[in-house]
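Me: I would like to learn how to read a binding site. Can you take me through one, step by step?

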Amino acid sequence: MPSLEELAKTAMEAASAAGSIQKEKFGNPLNVDAKMTDDIKLEADRLCEKAIIDTIRARYPAHAIMAEESGSAEGSDYIWYIDPLDGTVNFFYGIPYFCTTLACYRKNPAVFLGDPLVGVTYAPPTNEMFIGMAGFGATLNGKPVQVREEPALEESLLVSAYGSGGNKLRFTREVTLSLSEHSRKTRNLGAAAYDMANVAAGRASGFVEYGVNAWDVAAGKILVEAAGGAFFAKPVPNGKLAVVASGKNIHAQLKAAVDGFEV
Ligand code: IPD
Ligand code: CA
């Protein structure tokens, strides 16, 4: 059974490999695989995912994998959730707000995503490596981090995005905008995993988004919980999730708003 340290080392190596590709490609002409009405797929997404999966497979060939670009692979008791490039649209438009994110969980069908082990999110533009180890805290470039505990929602900075899926704009109107009326500011930044890492690091007070995927939030869940915060996910249509990650003081209010949204 691999230790948390061993899993974290592999995750960091994989994130660094993907990060190197992103640094090399960012700001240069990009090969576009597909343009959809509300998304873009790049060659860089695939190259980063291959680098991550190759690194994991070299050490743990039997582990299961769920990755954004190549789907799922069955495996042993452990599962890796991988988003090789979160914030692809920012990356395409040249906005330096993107990251690579991956997490390892022990499979447990009774628990959402499984039992958390290690989550790593790496943001190449700022060279920030966020590491969460379940039960052992979270670090940013080796220094311990903690979520912000706000005295009230009114003191909060929330991060979000318009999200994905059929109900995304109704969710934005009914939940995000309503929460933003009760918070100091709401920022719409466009990389869910980096948003959650910023909550873990005590920069943003909370994250709320509709229509994200397991691989967008798997590392963020571990990071935020390991940094003393709380996480909530509600299934919404098409296998997606509506998610809250925040400090504990404002969590109940955010969770009630998201849970009360009728899909
Ligand atoms: C996207 C980002 C964005 C969120 C979208 C995701 P991608 O991930 O996390 O913040 O609003 O729903 O799909 O496609 O850039 O990996
Ligand atoms: Ca992605």
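**Reading the pocket and its ligand**

Reply: Start with the lining of the largest pocket: 10 nonpolar, nine polar and 13 charged residues. Here Ala, Val, Leu, Ile, Met, Phe, Trp, Tyr, Cys and Pro count as nonpolar, Asp, Glu, Lys and Arg as charged, and the others, Gly among them, as polar. This is a predicted model: local features need pLDDT of at least 70, side-chain atom pairs count only at pLDDT 80 or more, and totals for chains, interfaces and linings use all residues. Residues are numbered from 1 along each chain as its sequence is written, chains are lettered from A and ligands numbered from 1 in the order in which they are written, and side-chain values use heavy atoms, with hydrogens and water left out.

Me: What volume does the largest pocket have?

Reply: About 780 Å³. Of its 32 lining residues, Asp38, Asp39, Val89, Ser164 and Gly190 are the closest to its centre.

Me: Which pocket holds the space taken by ligand 1?

Reply: The largest pocket.

Me: Which residues come nearest to ligand 1?

Reply: A residue is near a molecule if one of its heavy atoms lies within 4 Å of it. There are 14 residues around ligand 1, and Asp86, Gly87, Thr88, Ser164 and Glu209 come nearest. By class, this shell has four nonpolar, five polar and five charged residues.

Me: Which polar contacts does ligand 1 make?

Reply: A polar contact here is a pair of N or O atoms within 3.5 Å. Among them, the side chain of glutamate 209 has an N or O atom 2.4 Å from an oxygen atom of ligand 1. For the side chain of aspartate 83, the distance to a ligand 1 oxygen is 2.9 Å. Glycine 87 uses a backbone N or O atom, 2.7 Å from an oxygen atom of ligand 1.

Notes:
A polar contact is a pair of N or O atoms within 3.5 Å; within protein, one must be able to donate a hydrogen and the other to accept it, and residues adjacent in sequence count only if both atoms are side-chain atoms. On a 1 Å grid over the protein atoms alone, a cavity is a set of points where a 1.4 Å probe fits but cannot get out, and a pocket is an open set with protein on both sides within 12 Å along at least five of seven lines; lining residues have an atom within 4 Å of a point. A molecule sits in a cavity or pocket if more than half of its atoms lie within 2 Å of its grid points. Grid points are joined across faces, edges and corners, and a volume is the space filled by probe spheres set on the points.
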